[in-house]
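Subject: Structure for your review

Dear colleague,

Please find below the structure that I am handing over to you. A description of what was found in it follows, and I would ask you to read it with the structure open.

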Amino acid sequence: WGRLTGSGRFESSIGRDRVNRRKMSSKTQKGREAITDWKVEQTYTHFSHVKLFPYTGRTHQLRVHLCESGHPIVGDPLYGRGITVARRKQLSPPIAEQVELLEATLLHAAELQFTHPGTKKPHHFRANPPKIFTDFLKLLSEADR
């Protein structure tokens, strides 16, 4: 949600949220270091397509970093805050309808790379985004400019 420009880095300590135990937060006393670099791929009127590069692997790290920066991930049921009345008024009807119908968080791991802790062998995986993701980006390019 929202317009981000350029690139940057999120650095915080993330731990269990003090109020909602299902959530993670940087507003905690027992957090662990979390670092994510980000780069904007495309901006639209009300949204940004952002590439994220996590350097640590904290639970919900990407979701927390984006939410706490004021740009939660579209479709995220825990951190996204849904389509509020104010948001709905800003969006074109086709985009508002699509957001309301989403049954998935629009977060996709295009590439994962790690060294296996047991075998010490490097592993590298790539995956194309799911249709729901590409369809939403197509809709934004047509209706949110």
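In this predicted model, the buried residues of helix α4 are covered by elements that include β4 (48-54) and α3 (93-101). The buried residues in question are F133, F136, L137, L139 and L140. They lie on the same side of α4, because the arc they cover around the axis is only 160°. The face turned away from that buried side carries K131, K138 and E142, which are exposed.

The length of α4 can also be checked. The helix has 13 residues (131-143), and at 1.5 Å a residue it should span 18 Å; the C-alpha atoms at its ends are 18 Å apart, so the expected and computed values agree.

Next, the nonpolar cores. Which residues have the most contacts inside the largest nonpolar core? They are F47, V74, I95, V99, F136 and L140, in a core of 15 residues. Two elements, α3 and α4, each give two or more residues to this core. The largest share, five residues, comes from α4. If you select F136 and leave out residues up to four places away in sequence, you will find that it touches F47, V74, Q98, V99 and L106. There is also a second, separate core of nine residues, and L4, F10, V50 and L52 are among them.

Please look as well at H65, which lies in helix α1 (residues 61-68). Is H65 buried or exposed? Its relative accessible area is 4%, and the cut-off for a buried residue is under 20%, so H65 counts as buried. Again leaving out residues up to four places away in sequence, the residues that H65 touches are F10, S12, I14, A34, I35 and T36. F10 is thus a contact of H65 and also a member of the second core.

Finally, there is a pair of strands to examine. Strand β5 (residues 111-115) and strand β6 (residues 122-126) run antiparallel and are joined by five bridges. Within this pairing, T115 of the one strand stands opposite P122 in β6. The hairpin that β5 and β6 form has six residues between the strands, and K120 in this hairpin takes a positive phi near 65°.

I suggest that you begin with α4, where the buried residues and the exposed residues K131, K138 and E142 can be compared directly on the structure.

With kind regards

Terms used: Residues are numbered from 1 along each chain as its sequence is written. This is a predicted model: local features need pLDDT of at least 70, side-chain atom pairs count only at pLDDT 80 or more; totals for chains, interfaces and linings use all residues. Side-chain values use heavy atoms; hydrogens and water are left out. Helices (H or I, at least four residues) and strands (E, at least two) are DSSP runs, numbered from the N terminus. The expected span of a helix is 1.5 Å times one less than its number of residues. Buried means under 20% relative accessible area, exposed over 50%, partly exposed in between (1.4 Å probe, protein chains only). The arc is that of the directions from the helix axis to the C-beta atoms. Contact means heavy atoms within 4.5 Å. A nonpolar core is a set of buried Ala, Val, Leu, Ile, Met, Phe, Trp, Tyr and Cys residues joined through side-chain atoms within 4.5 Å. Two strands pair if DSSP finds at least two bridges between them.
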